[in-house]
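Here is a friendly walk through one protein model, written for someone who likes to check geometry against coordinates. Have the viewer open and follow along.

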Amino acid sequence: MPETPPPSSIWALSHMKLRFFARVRRFLQTKTTQRNIKSRNKATANKEEQVTAADKRISDDDDDDDDDDSAVLQRSVKRLHFGGLEEKEMAAIEIERLAREDVKMRKLMAELGVIPALVGMVASEVAGRRRVAIKALIELANGTYTNKALMVEAGIFSKLPVNIDVLEEPTRHEFAELILSLSSLANHTQFPLASSEVLPFLIGILESGSSCETKESCLGTLYNLSAVLDNTGALLSNGVVQTLLRLISVKALSEKALATLGHLVVTLMGKKAMENSSLVPESLIEIMTWEDKPKCQELSAYILMILAHQSSVQREKMAKSGIVPVLLELALLGSPLAQKRALKLLQWFKDERQTRMGPHSGPQTARIAIGSPVNHREAQEGKKLMKDLVKQSLHKNMELITRRANATSGDSSMLKSLVMSTSSKSLPC
């Protein structure tokens with residue numbers, strides 16, 4: 001029989017085998033890790049090469065694009081200056097596209113003299129050629145004061161047609177958009193924007209059947225022009241006030257028209273023109289009932305305040321037109337600013353019989369001679385008449401006001417209480 005090794009020898013042999021296999025396993029793991037690292041490094045290097053190549057291609061493409069745009073610009077400028085009519089038209093289309101993409105490109109084009117050439121094309125009798133020129137000028141004017149000034153100096157306003165009926169609606173809209181952009185120069189007196197060509201053109205569009213979008217652009221221009229006091233005379237002599245008063249009844253246009261009237265009413269000539277209009281004060285009072293147009297209510301109340309200030313004739317006209325019930329409703333349901341203005345007007349009507357106009361803040365309470373029974377009696381009669389007027393107006397309109405308040409809040413108890421309590425008190429000072 002073979003000799004059996006002792007137990008200690010068996011244990012030593014097993015230990016050696018375990019150590020051997022452990023070393024082999026560590027060796028294999030190391031090799032695998034090294035191979036993985038090399039693979040990852042190789043993949044990373046490949047990716048870096050791919051990114052570098054892509055960047056190079058993008059850079060080359062950008063250079064190609066820049067080269068293409070430069071070539072297109074050079075060709076377009078040459079055609080615009082020296083080409084035939086069709087070539088000029090195609091050049092204007094390319095200039096519009098390039099100007100839309102880059103501000104620096106717009107400035108470069110102006111330096112190359114494209115603006116006077118495009119302004120000349122605006123006077124073309126061919127509608128399509130005129131439109132591409134206007135579109136190019138709109139893009140060139142975008143965000144560049146210098147380009148706008150160059151257009152005015154090149155005589156763009158002299159190219160406006162006298163008869164707007166010859167223009168199609170898209171051309172009207174583009175003309176209005178261009179003039180609105182140029183009106184940002186209104187504060188610079190060296191640019192006579194309120195010229196004899198511009199205002200008749202704008203008013204002609206406003207009084208025509210043009211779209212609301214086109215009319216909004218024209219109103220925006222008038223608003224910018226009216227912000228400069230030196231333009232007031234030209235605006236009024238062209239009948240702007242009457243045109244605006246007719247437009248305030250159109251809700252889509254009312255806010256901008258009222259804002260422009262707000263600029264004009266603070267001038268003596270503007271206030272006089274509104275006072276002489278047959279549309280005042282009825283149209284302004286009607287606007288104060290527009291619950292869905294709070295801004296229009298505020299502007300209308302502001303204009304009425306200016307007209308009523310130091311003018312008993314205007315206050316009498318307003319009272320006969322039924323302004324007091326409307327003011328009472330506005331004082332209860334209007335915006336905070338509309339409420340403040342309505343209360344101010346109501347205060348003036350309340351004190352009408354016993355006050356005189358102050359130099360700065362509307363009517364002020366007249367001095368009553370102490371001990372004079374006649375003056376005291378007249379004052380008491382005036383107060384009683386005003387209280388009766390307020391009470392009658394409140395009771396007459398309580399149901400209407402409550403119904404409208406219920407539509408917005410669903411709870412009329414507080415409003416009814418306010419109306420009932422106010423009907424037995426004089427208005428606040």
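## A tour of the model

Glu125 is found in the loop between helix 4 and helix 5. With a relative accessibility of 79%, Glu125 counts as exposed, because the threshold for that class is over 50%. Along the sequence, Glu125 and Val166 are 41 residues apart, yet their C-alpha atoms are 9.9 Å apart in space. Please keep in mind that this is a predicted model.

**The overall picture**

The secondary structure comes to 20 helices and two strands. Of the 429 residues, 41% count as buried. The protein exposes about 24400 Å², and carbon and sulfur atoms supply 55% of that area. Among contacts between residues at least 6 apart in sequence, 66% join residues at least 24 apart.

**Helix 6 and its surroundings**

Helix 6 covers residues 145–153, and its buried residues are Asn147, Lys148, Ala149, Met151 and Val152. These buried residues pack against helix 3 (103–111), helix 4 (114–122), helix 5 (127–141) and helix 7.

Met151 is a good place to zoom in, as a member of helix 6. Its relative accessible area is 0%, so Met151 is buried. Beyond its neighbours within four places in sequence, Met151 is in contact with Ile115, Val119, Leu137, Leu140, Ala141, Ile156, Leu178 and Leu182. For one of these partners, Val119, the C-alpha atom is separated from that of Met151 by 7.0 Å, with their positions 32 residues apart along the chain. Just after helix 6, Gly155 takes a positive phi of about 85°.

**An aromatic pair and two charges over rings**

How many aromatic pairs does the structure hold? The structure holds one. Phe175 and Phe201 form this edge-to-face pair, with 5.6 Å centre to centre and 70° between the planes. The pair links distant parts of the chain, since Phe175 belongs to helix 7 (residues 169–182) and Phe201 to helix 8 (residues 198–206), 26 residues apart. Both Phe175 and Phe201 are buried.

The loop between helix 7 and helix 8 contains Ser184. At 42% relative accessibility, Ser184 counts as partly exposed. The C-alpha atoms of Ser184 and Thr221 are separated by 8.4 Å, although the two are 37 residues apart along the chain.

Two lysines place their charged ends over aromatic rings, as listed here.

| Lysine | Ring | Distance to ring centre |
|---|---|---|
| Lys251 | Trp290 | 5.1 Å |
| Lys256 | Tyr223 | 4.7 Å |

**Helix 12 and its neighbours**

Does the length of helix 12 agree or disagree with the expected span? Helix 12 (residues 251–264) has 14 residues, which should span 20 Å at 1.5 Å a residue, and its end C-alpha atoms are indeed 20 Å apart, so the two agree.

The buried residues of helix 12 are Leu253, Ser254, Ala257, Leu258, Ala259, Thr260, Leu261, Gly262 and Leu264. An α-helix has 3.6 residues a turn, so residues three or four places apart point the same way. The packing partners of the buried residues in helix 12 are helix 9 (212–226), helix 10 (232–237), helix 11 (240–247), helix 13 (268–275), helix 14 (282–287) and helix 15 (294–308).

**Cysteines and backbone details**

The disulfide count comes to zero. Which cysteine is partly exposed at 35% relative accessibility? That is Cys212, whereas Cys296 is buried at 1%.

Two backbone features deserve a look in the viewer. Most residues other than glycine have a negative phi, and most peptide bonds are trans. A cis peptide bond joins Val280 and Pro281, with omega at about 10°. Pro281 lies in the loop between helix 13 and helix 14. Gln310 has a positive phi of about 55° although it is not a glycine. Gln310 is found in the loop between helix 15 and helix 16 (312–320), and Gln310 is partly exposed, with a relative accessible area of 44%.

Note on methods
Residues numbered from 1 in each chain as written. Predicted model: local features only at pLDDT ≥ 70, side-chain atom pairs only at ≥ 80, totals over all residues. Heavy atoms only, no water. Phe/Tyr/Trp six-rings, centres within 6.5 Å; stacked < 30°, edge-to-face > 60°. Helix = DSSP H or I, 4+ residues; strand = E, 2+ residues; numbered from the N terminus. Buried < 20%, exposed > 50% of the residue type's maximum accessible area, 1.4 Å probe, protein only. Lys NZ or Arg CZ within 6 Å of the ring centre and 35° of its normal. Disulfide = S-S within 2.5 Å. Expected span 1.5 Å × (residues − 1). Contact = heavy atoms within 4.5 Å. Areas by Shrake-Rupley, 256 points an atom, 1.4 Å probe, with all protein chains shown as cover.
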